[in-house]
Amino acid sequence: MYMFKYVTKRLGLMLLTFFIIFTMCFVLIKLLPIPTNALPGQDPEIVMRTLEGRGWITNIQKGENGVYSYDRVPILIQYGNYLSRIFTKGDFGIATTYGEYLNMNLWDVFVSHLPPTILINIYSTLIGVPIGLGLGILAALKKNKWQDQVINIFIILLISVPSIVLALMLQYVFCFKLGWFPLTMSTSDEYFTWEVFRSMLPAVFALCLGSIAGYARYTRAELSEVLTGEFMLLARTKGLTKRQAIYRHAMRNSMVVIFPSILSEFIGVLSGSLIIEKMFGINGVGGLYLNSITFQDYDFFMLLSGFYTLVSLTAGIVIDISYGFIDPRIRMGAK
Amino acid sequence: MAEYNMNNIPADKFKFASGRDISHDSKFDTKPVSYFQGAFRRFAKNKGAVVGGVVIMILILFAIIAPFFTPFRPAYYDMSYAYVTPKLDLFAENDIDFWDGCKQKDTNTVGYLKDLALAQETGREVIKNGEYVKSEQGNYTYRYDTYYGVGFGKYKIISVEEYQNIQAYQDKTGRRVLYPIVKVSDRPTLEKNKYDANIYYKTEDPKASIIRPKLNNKGEIIPNYWMYEAASPSGTIAEYNSIRIEGEDGITQNGTKYYYAYGRLVDGGVEVRAEYYEYYTYQHTQVLKDGISEPSFLFGTTDTGKDIFACLAYGARFSFVFATVVAAVNFIVGVIWGSISGYFGGKIDLCMERFSEILGSVPTMIVITLLKYHMGATSQALVLFIAFFATGWIGIAGRTRMQFYRFKNQEYVLAARTLGASDTRIMFKHIFPNGLGTIVTSVALIIPSMIYSETSLSYLGIINLEAGNTTSVGTLIAAGQKSIMAGAGFVALFPCLFLVLLMLSFNLFGNGLRDAFNPSLRGSED
């Protein structure tokens, strides 16, 4: 019961936060001048009518010199229109200035760009988590021996070398010099063919190197602390072998802290990394976001901003909540 | 002993006690070690942290000093010298095959002949030392000078006045800028080759797409200059009275004296063949007078011909100044916010926490984009500043709050309050100094993270500082990535090196600082 109350409270707070951010975003966007300029080949009348249809402007009149005049709908009413369309029809609008997807339904475009982003992150998590945990466990078990030193140096290097540089080095060495992989990801949408998988690999490696270092460091710190605990001594005196003691007692206890961060990484899988996506030309959500910023396609920007905010908020509370589930002793938010 | 009456000891038998050695509490000979002295000692023992600190100092010195030593600016660019390789004059002059502005070039016979022709005409070492290795397939490998290899570029049309100025400059300095031109009817015919001023020789097939120099029977290149009889310069040949390639007398063929034509009068000026190396020097020393003399780029140039050294130096300077200012502002605001929230607690704390929680969960990217839309493209440094400030202080405020919670119920605070100290005095005289170490450490660690965010945002192209006459390391890395495909890996090398050194040393330095200020936390996070 306590957990239920806590989770509801956190979820409610999260939704409130999200709503506040989303509203602020909307208001700030709507304070900007409305982009009424027609793109080449677009009829200005249609642009105007589209904006009217979206409920942003009313009272369109064509002046004598061909310049349109219009009145802006009050922002709160605009927001009401926007929200009611989202909730009743699931309609986030259409692309108005993003040339490539002009007049296409934003939600469809967005969903069609999700698979590359998600796939790359899932692959990277699948590779990164076992290697990271393995290295961390090895380092903790061999603490202060040479294996530990080597892993430590490796971790420090991976953490300190920024992911921009790391990705660039991978691209230069493996894609350009050795030519093992294509320079950028294939644009084909047959995501489960070998060709596409191969073209994803450099990005996957670039992504997972960082998380390997993170997990290894975290696991090492946690596990080496647990290993010195008194219950470990008890386990050994009870007659367990060292292996049994480590597997059954030390690992489980250290996972209390490590598991939530893996969970939140799985949620973060959705948002991916803008840098990696740009560098390896991945046709994912990140590229969409950057372009919507450049093209000033405001509805698109709203949708993607909302998405990113939601992902980061969810990842945050998943950590908190999972602590409580994994280890009942931890009563989050208790007095 | 018996004659003494113990109950009535005469006064003169007594001595003052201070004469006897009964004081067991001797004063410390050593000096007291304050918290910060102790922290400094512990820090100095950590070799990695000290090395990190030294490297940071070197990088900061580089950022401060380097802009004064280079005449180039981030706004400077010269498309003719795009992708020229790093050149250290010391190495180039002493014939060291490294960092000399040359690169390894593998080419076929035509490529080799073209470079050779250029080298022969200008007398420059386009092919370093004239040395090459010829493979069995007939390919040539040699060190190719990317500066001299630019050669003449395209035919250039300059004003008559400039034409005369260059002649005067040539006479004064003895440096040859202008070279004889080729008659229009003798030039290759294809559009892409027609204006190529590097082709001064006879060609095997002027209509071909790939121009092959024609060789005479000795295997030499045959110049194809435009000649006119010394007595009668024709209508479109511009008058030329300066250094000539074979002395002032011209050349004699079949008893007639000929001159080479150096300029062709066209609409809007004179068409000339100017060797770009010398023309560049002339332009910068005589016309622009911007302190640049001969082209020499210590770290090479980017795809748009920007000087990497200058861009890196200015970008680094911007990064450091920016990060320091933002960190300072965040520190002040964060400390004030966190101490109020932590000290008073209760409802005030709850409200302040909610506020910073909501603010903190807005992704920075969204803040920056919205600010950029509202403030326009011209003040992007300000956009960055506001965006990093808007969310940056929250971390420091949180840390300060934790420290206040830790100390505010301790006995010495209670004592101070009992003695009537005001809230402000307790906060900033009693509690804050105790938490300072932790807070300072967190500030030292946010500086690199801010530099990195700024770099990534510039890399992504969301922020472009070039409008504000500076640049960012991230912009350089983006240019470096483009250059990989052009085979110019060096463009990314120096910016990446800078970033890696910075991050590595800040990490070491920050960890050292943390261990020094919090000996109890030592090793807990590594």
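# Exercises on a two-chain predicted model

In chain B, the hairpin of β9(B) and β10(B) has two residues between its strands, and B:G268 there takes a positive phi near 90°. This is a predicted model, in which local features need pLDDT of at least 70, side-chain atom pairs count only at pLDDT 80 or more, and totals for chains, interfaces and linings use all residues. Residues are numbered from 1 along each chain as its sequence is written, while chains are lettered from A and ligands numbered from 1 in the order in which they are written.

## Exercise 1: two hairpins

Task: Find how β9(B) and β10(B) pair, then find the hairpin of β7(B) and β8(B).

Solution.

Step 1. Fix the terms. Helices (H or I, at least four residues) and strands (E, at least two) are DSSP runs, numbered from the N terminus. Two strands pair if DSSP finds at least two bridges between them.

Step 2. Locate the strands. β9 covers residues 263-266 of chain B and β10 covers residues 269-274 of chain B. Four bridges pair them in the antiparallel sense. Opposite B:G263 stands B:V272 in β10(B).

Step 3. Turn to the other hairpin. β7(B) and β8(B) have two residues between them, and B:N254 takes a positive phi near 50°.

## Exercise 2: a sheet of three strands

Task: Work out the strand order of the open sheet that holds β6, β7 and β8 of chain B.

Solution.

Step 1. Pair β7(B) with β8 (residues 256-260) of chain B: three bridges join them, and they run antiparallel. B:T252 stands opposite B:K257. B:I251 stands opposite B:Y258.

Step 2. Pair β6(B) with β8(B): three bridges, again in the antiparallel sense. The bridge partner of B:E229 in β8(B) is B:Y258.

Step 3. Write the order: β6-β8-β7.

Step 4. Name the edges. β6 (227-229) and β7 (251-253) of chain B each have a single partner strand, so one side of each is left without a neighbour in the sheet.

## Exercise 3: another sheet

Task: Which strands of the open sheet β1-β3-β2 (chain B) are at the edge?

Solution.

Step 1. Read the order: three strands, β1-β3-β2, with antiparallel pairing.

Step 2. Pick the strands that pair on one side only: β1 (102-107) and β2 (133-134) of chain B.

Step 3. Check one pairing. Two bridges join β2(B) to β3 (residues 140-145) of chain B. B:V133 stands opposite B:T141 in β3(B).

## Exercise 4: positive phi outside glycine

Task: For A:N144 and B:Y83, find the loop and decide: buried or exposed?

Solution.

Step 1. Use the cut-offs. A residue is buried if 20 or more other C-beta atoms lie within 10 Å of its own, exposed if 12 or fewer, and partly exposed in between, with C-beta atoms placed from the backbone.

Step 2. Take A:N144. Its phi is positive, about 65°, although it is not a glycine. A:N144 is in the loop between α4 (106-141) and α5 of chain A. With 10 other C-beta atoms within 10 Å, A:N144 is exposed.

Step 3. Take B:Y83. Its phi is positive, about 60°, and B:Y83 is not a glycine either. The loop lies between α2 (47-69) and α3 (89-93) of chain B. B:Y83 has 18 other C-beta atoms within 10 Å, so it is partly exposed.

## Exercise 5: where the chains meet

Task: How many residues of chain A are in contact with chain B, and how do they divide into nonpolar, polar and charged?

Solution.

Step 1. Define contact: two residues whose C-beta atoms, placed from the backbone, lie within 7 Å.

Step 2. Count. 32 residues of chain A are in contact with 32 residues of chain B.

Step 3. Sort the chain A side. It holds 23 nonpolar, seven polar and two charged residues. Here Ala, Val, Leu, Ile, Met, Phe, Trp, Tyr, Cys and Pro count as nonpolar, Asp, Glu, Lys and Arg as charged, and the others, Gly among them, as polar.

## Exercise 6: the nonpolar core

Task: Which helix gives the largest share of the largest nonpolar core?

Solution.

Step 1. Define the core: a set of buried Ala, Val, Leu, Ile, Met, Phe, Trp, Tyr and Cys residues joined through C-beta atoms within 7 Å.

Step 2. Size it. The largest core has 185 residues, and those with the most contacts inside it include A:A167, A:A203 and B:I477.

Step 3. Find the share: α7(A) supplies 17 residues, the largest share.

Step 4. Look at B:I477. Leaving aside neighbours within four places in sequence, its contacts include A:I164, A:L168 and B:Y459.
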